[in-house]
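Below are some notes on the model, set out as numbered points. They take up strand pairing and then charged side-chain contacts.

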Amino acid sequence: MPQQSEIDRQLAQLEAARFSPLDLLPYEERVEKLLALVLNGLPAAPAPVAAGLAELAAALDQASCAEARVVVFGGGTGLANIIGGDSRNPAWPDAPFAGLKSVFPQTSAVVCVTDDGGSTGELLKDLPLLAVGDLRHVLLAAVRQDKLQKQYELDEAEALATVRLLHRLFNYRFARLPENSPAILKQCGVDLSRLHPFLERSLQGLLEEIFHHEQMQDLGQRPHCLGNLLLTAAIYQQPAMDGAVDPRRPPAAAVLAGLAFLADLLGASPEAVLPCTTTPASLKMLYDNGVLVSGESKSARARRRSPVNRVMVEFVEQPEVPARILTAIAEADIILFAPGSLFTSIIPILQVPGLAAAVRSNSRALKLLLANLWVQAGETDLVTGERERRFHVSDLLQAYNRNIPGGIAALFHQVLVVGMREIPGSILQSYALENKVPIYLDRERVRELGPAPLEAAIAAQYELAGERVVQHDPAAVAAAVRALWTVRSLLTTADPAGPAPAAGTAAPLLNPRRQTLDERRRQFRQRLAQMDLQAEWLPLLEDIFWQHRDILLEHLDQVAGMRQVAVSDWRRCQEWDNVFSFYDPDDRMIRIRADIIPGSPRCEIAFLVALGQSLLGNYAAAKEKSPVMAGREQVGYIFSLTMRNDEERRCFFTAPELVEYLRLARMYRAEDDPLRFTRVVNGSEGFTPPGLLFGLSYAWYLDNRFAPHIEYKMSITRAEQSDLVPEQLRISSRRQGLIDFFRERVFRCQA
């Protein structure tokens, strides 16, 4: 019988097949099976089969890694989490000694220092410091149980009690600093006498430094995290401050010594946490549409509806890399890149000159990238060049490739990814309802880019703020890295044959004014003090200039002050807009209608529109509308504008720049008069005059939520272009030209 013959054939084939116990483990790659064995445990199997797997699992689990030297790069939460758990999490003190530090005691974290939000941002308003918030976050996570117990002669329970107290102290946040150290200790519920006497005296000394150091006297007026102030105090009390050129600005030696002192004091290795550079720096993000946004905290809030193309680090001066970082990289056995915000953690670190080259020069280390787990709004929710497609791991690699000098070659050989099969479908479904989407692994594309993809169960569910969240699990990540280190002979650890890629020859981007953020803020405050302003507007304007750091001080040159106008006295024509502010070039005053009160949702947009208009100054000598008639019917009008000549004009722009802008605003230069520009407007066609268009575009460029009208106009740049509709191409090109004009001419930035 033909059917019976086929069955016999298949049975014979199955009986001839060779079976391995490893076939019981998920995944196809051998290394991934070993990771599954370590992280998922033994599969259900008969005792003889399970015994062999159990023996292998024990060997992998017992491998000693105490001598392996590890360097980990990253930002705040992602880096802290894999080093020793998220030390800001209220539940962290329940298990504070997990993570890489528990398996690899010789671990050094290299931290990104471009953050400018939260308490860190408040510090940067007053002091020319590095961003200390992420350093503090990772520092607490790096506290090791063995060192803490030995250093202060503690048993396990006492070590846990110490960490619980430190967690409360370093994470305490206040709106305004109490009057003295006893008051703040009482407020945060910390009794230092419960600590070892040396630790108590040292922390008490740092607290006193906060209240009495000359450079820290004004910090208490702002909301802060106490741990950030303790780290700042540790830096300012270092002997290296005695030789500082500027007593407000700590030299590199003081920064490193302060970090080492506090790390050692808390029970971490003195070199457990290092800044990627000791030079103050900030971020700039360039979107696909050509808009450039300055500041990490602002870019995190920005929703430009356009993918991030590039991120750039702007340094206050020639960046300095601590020598001990270069030494640690050269001696590292394992180099890890922690998960975190794509454009604000790893990339800024590797843009510090010398760091990417140092990683490539270590050709013997196991180099591993831990891929991000979730899509992040504003960073990885859109894909460059393919706006309709969701973000994948290969897109993560391509973003690194675009933004790191020399690309990703020789930086890492494997990409460790959270296995989606390990996350319950119910969790993924509930996350999807909240628009939280995982970054899926596209294996073949990742392999084409160079690194080998590895999936593993390195995530866990946590209870955070009453919600179930899924994050990288510190213990699982540490176990996975130990397993990979143990079986490194099975991995590709050698860099490709041939010469190493160029490490990038571009000079670092330097702040044109060599200006720290506190210096910029001080300059704007001084300029505002010279203006005719109502006192209640001062705090708001200071905050506007702090949030929008693309605004140049020269943008205020044409502004003498600002006045509110009673609604009953408002005579401004609203034919084309509902913007209740304008710039008056006659007396150089910004005028805002009185019902636009400070702090209201419309006050910021009103001010920015008028400030933008002020850049044009008194450029227009005359404006007029002339009807266009067809017989007795008016079918439109001609709007004409006459520019002032060079001698009479007070303006931010040169004459050629003004002509360029007017062309982009669809004003056409008259052949017989180079100062006259016209535009024909159909009777039913809307029209935004050049001055108002400029003000709205200025506000839109700084924050696209401010000007929906301009956002609508610019949406054509996101549309798929078609040569079947030439007018669409012309409009899109003109709108793109307007964006480029604002980036290059208004805000003086080159992409």
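1. In this predicted model, strand β6, which covers residues 281-287, pairs with β7 in the antiparallel sense, and three bridges connect the two. At the level of single residues, Leu-286 has Leu-292 in β7 as its bridge partner.

2. The β6 and β7 strands belong to an open sheet of four strands, ordered β7-β6-β8-β15, in which the pairing is mixed. The edges are taken by β7 (292-294) and β15 (509-510); each has a single partner strand, so one side of each lacks a neighbour in the sheet. As general background, strands of a sheet pair through backbone hydrogen bonds, in a parallel or an antiparallel way.

3. Turning to charged contacts, the structure holds 34 salt bridges. Side chains of opposite charge can pair when their charged atoms come close. A few cases are described below.

4. Arg-443 and Glu-32 form a salt bridge, with 2.5 Å between the closest N and O atoms. This pair links distant parts of the chain: Arg-443 is in helix α20 (residues 443-449), Glu-32 is in helix α2 (residues 30-40), and the two are 411 residues apart.

5. Are the two partners of that bridge buried or exposed? Glu-32 counts as buried because its relative accessibility is 1%, under the 20% cut-off. Arg-443 has a relative accessible area of 22% and is therefore partly exposed.

6. A salt bridge also joins Glu-660 and Arg-745, where the closest N and O atoms are 3.2 Å apart. Glu-660 lies in helix α25 (residues 655-664) and Arg-745 in helix α28 (residues 726-746), so this contact ties together parts 85 residues apart in sequence. Both ends count as partly exposed, Glu-660 at 23% relative accessibility and Arg-745 at 26%.

7. Which side chain meets Glu-744 in a salt bridge? The partner is Arg-745, at 3.7 Å from N to O. Arg-745 thus appears in this bridge and in the one with Glu-660. Glu-744 is partly exposed, its relative accessible area being 23%.

8. Elsewhere, salt bridges that share partners join several residues into one network. The members are Glu-122, Lys-125, Asp-126, Arg-222, Arg-521, Arg-525 and Glu-542.

Technical notes
Residues numbered from 1 in each chain as written. Predicted model: local features only at pLDDT ≥ 70, side-chain atom pairs only at ≥ 80, totals over all residues. Heavy atoms only, no water. Salt bridge = Lys/Arg side-chain N within 4 Å of Asp/Glu carboxyl O. Buried < 20%, exposed > 50% of the residue type's maximum accessible area, 1.4 Å probe, protein only. Pairing = 2+ DSSP bridges.
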